[in-house]
Amino acid sequence: MDALSEELEEPFGLAANQLPLTALSRTIEINLREALGETDIPPDITPINGYLQ
């Protein structure tokens with residue numbers, strides 16, 4: 001239980017088992033820009049070796 005609580009203590013980060021907050025934020029940004037009709041859309045953030053760059 002102690003190990004599990006330590007893993008859940010900080011759910012956002014760059015490790016493979018953490019939530020990809022940066023990628024989620026970028027996806028929201030891309031969707032909003034597309035909805036607004038913008039053409040200068042940033043690229044998706046893709047993982048490299050299980051980690052987001």
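Q: Why is R26 called partly exposed?
A: R26 has a relative accessible area of 23%. Buried means under 20% and exposed means over 50%, with partly exposed in between (1.4 Å probe, protein chains only), so 23% puts R26 in the partly exposed class. Keep in mind that this is a predicted model: local features need pLDDT of at least 70, side-chain atom pairs count only at pLDDT 80 or more, and totals for chains, interfaces and linings use all residues. Residues are numbered from 1 along each chain as its sequence is written, and side-chain values use heavy atoms, with hydrogens and water left out.

Q: What makes R26 and E29 a salt bridge?
A: The closest N and O atoms of R26 and E29 are 3.6 Å apart. The rule asks for a side-chain nitrogen of Lys or Arg within 4 Å of a carboxyl oxygen of Asp or Glu, so this pair qualifies. Both residues lie in helix α2, three residues apart, about one turn of the helix. An α-helix has 3.6 residues a turn, so residues three or four places apart point the same way. As for E29, its relative accessible area is 28%, so E29 is partly exposed.

Q: How do you know that E29 forms a salt bridge with R33?
A: Here the closest N and O atoms are 3.2 Å apart, so the pair makes the cut. E29 and R33 both sit in helix α2, four residues apart, again about one turn of the helix. R33 comes in at 26% relative accessibility, so R33 counts as partly exposed.

Q: What do the side chains of E38 and R33 meet in?
A: A salt bridge, at 3.8 Å from N to O. E38 is partly exposed, because its relative accessibility is 37%. Salt bridges that share partners join R26, E29, R33 and E38 into one network. Search the whole structure and you get three salt bridges.

Q: Why does the span of helix α2 agree with what it should be?
A: Helices are DSSP runs of H or I with at least four residues, strands are runs of E with at least two, and both are numbered from the N terminus. The expected span is 1.5 Å times one less than the number of residues. For the 15 residues of α2 (residues 21-35) that should be 21 Å; the end C-alpha atoms are 21 Å apart, so the two agree. Just after α2, G37 takes a positive phi of about 85 degrees. The chain as a whole has two helices and two strands, in the order α-α-β-β.

Q: Why is A23 called buried?
A: A23 has a relative accessible area of 15%, so it falls under the 20% limit. A23 is found in helix α2, and its C-alpha is 5.5 Å from that of I45, although the two are 22 residues apart in sequence. Of the 53 residues of the chain, 9% count as buried.

Q: What makes F12, L19, L21 and L24 a patch?
A: Patches take residues with over 30% relative accessible area and no salt bridge, joining like charges within 9 Å and nonpolar side chains (Val, Leu, Ile, Met, Phe, Trp, Tyr) within 5 Å. These four form a nonpolar patch on the surface, with about 370 Å² of accessible area together; areas come from the Shrake-Rupley method with a 1.4 Å probe, and for residues only the protein chains shown count as cover. L24, in helix α2, has a relative accessible area of 45%, so L24 is partly exposed.

Q: Why does D2 count as exposed?
A: D2 has 54% relative accessibility, so D2 is past the 50% mark. D2 sits in helix α1 (residues 2-9).
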